[in-house]
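Please walk through this structure with attention to how its helices pack and where empty space is left between its residues.

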Amino acid sequence: MITCSKLYKDIPFAHRQHLHDGHCSQIHGHNWDIKLTFSCKELDAMGFVVDFGKLKYIKKFIQDKLDHACVLSWDDPSAKEMIDSAPKGIYKPYWVENASCEGIAKHLFFEFTDLLKKSEGSRAWIQEIEIFEDSKNSVKYRPPMYEYI
């Protein structure tokens with residue numbers, strides 16, 4: 001099996017894990033990196049797993065949804081109140097099931113997988129996502145093959 005990876009660097013967004021009993025329950029931001037590892041059944045006509053130049057739809061998703069956003073859990077009991085009480089333009093909320101680094105990685109894996117399927121069909125897929133919330137901490141998500149092919 002051959003793979004290739006694409007790294008999206010320095011994506012500023014905030015998050016909070018409202019269930020945490022420490023500082024992670026507060027809204028805080030990072031300059032995130034997102035690394036996608038792609039694999040395929042067969043290389044395309046140019047000999048690529050994926051053509052990096054044609055992944056603009058992933059970059060657009062990141063710019064539109066994540067850049068300077070605040071990632072919040074769907075069940076965060078304070079999220080709506082925080083957004084409603086803030087001056088206009090303070091929050092660009094992006095909702096996920098779980099706003100931990102692990103939850104964000106899993107969520108983005110499936111978002112990006114859906115985008116890639118629209119472009120590549122079943123020929124290529126995202127094998128793994130790794131997100132870095134800073135230079136010291138990262139999370140990898142890789143589901144069993146049957147979940148994403």
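Which residues line the largest cavity? In this predicted model, the lining of the largest cavity is made by Val50, Asp51, Lys54, Leu55, Tyr57, Leu116, Ser119 and Glu120. Counted by class, these lining residues divide into 4 nonpolar, 1 polar and 3 charged, and the largest share of the lining, 3 residues, is supplied by helix H3. The space inside the largest cavity is about 30 Å³, and the model has 1 cavity of 30 Å³ or more.

Tyr57, Leu116 and Ser119, which are among the residues lining that cavity, lead on to the packing of two helices. Two packed helices are described by the angle between their axes and by the distance between those axes. Here, helix H1, which spans residues 56–66, and helix H3, which spans residues 101–120, have axes that come within 10 Å and cross at roughly 140°. Because angles over 145 degrees count as roughly antiparallel and those from 65 to 115 as roughly perpendicular, the crossing of H1 and H3 is classed as oblique. The crossing in which H1 passes H3 is right-handed. On the H1 side, the contact is formed by Tyr57, Ile58, Phe61, Ile62 and Leu66, while H3 contributes Leu108, Glu111, Phe112, Leu115, Leu116 and Ser119. Sorted by class, this contact between H1 and H3 consists of 9 nonpolar, 1 polar and 1 charged residues.

Turning from the cavity to the pockets, the largest pocket has a volume of about 210 Å³. It is lined by 14 residues, of which His15, Cys24, Cys101, Glu102 and Glu133 are the closest to its centre. Helix H3 appears again here, since the elements that give two or more residues to this lining are strand E2 (28–40), H3 and strand E6 (138–141). By class, the lining of the largest pocket comprises 3 nonpolar, 9 polar and 2 charged residues, whereas the lining of the largest cavity has 4 nonpolar, 1 polar and 3 charged residues.

Definitions and conventions
Residues are numbered from 1 along each chain as its sequence is written. This is a predicted model: local features need pLDDT of at least 70, side-chain atom pairs count only at pLDDT 80 or more; totals for chains, interfaces and linings use all residues. Side-chain values use heavy atoms; hydrogens and water are left out. Axes are lines fitted to C-alpha atoms, for helices over the stretch in contact, and angles run from 0 to 180 degrees between N-to-C directions. Helices (H or I, at least four residues) and strands (E, at least two) are DSSP runs, numbered from the N terminus. Angles under 35 degrees count as roughly parallel, over 145 as roughly antiparallel, 65 to 115 as roughly perpendicular and the rest as oblique. A crossing is left-handed if the near helix is turned anticlockwise from the far one by less than a right angle, and right-handed if clockwise. Contact means heavy atoms within 4.5 Å. Ala, Val, Leu, Ile, Met, Phe, Trp, Tyr, Cys and Pro count as nonpolar, Asp, Glu, Lys and Arg as charged, and the others, Gly among them, as polar. On a 1 Å grid over the protein atoms alone, a cavity is a set of points where a 1.4 Å probe fits but cannot get out, and a pocket is an open set with protein on both sides within 12 Å along at least five of seven lines; lining residues have an atom within 4 Å of a point. Grid points are joined across faces, edges and corners, and a volume is the space filled by probe spheres set on the points.
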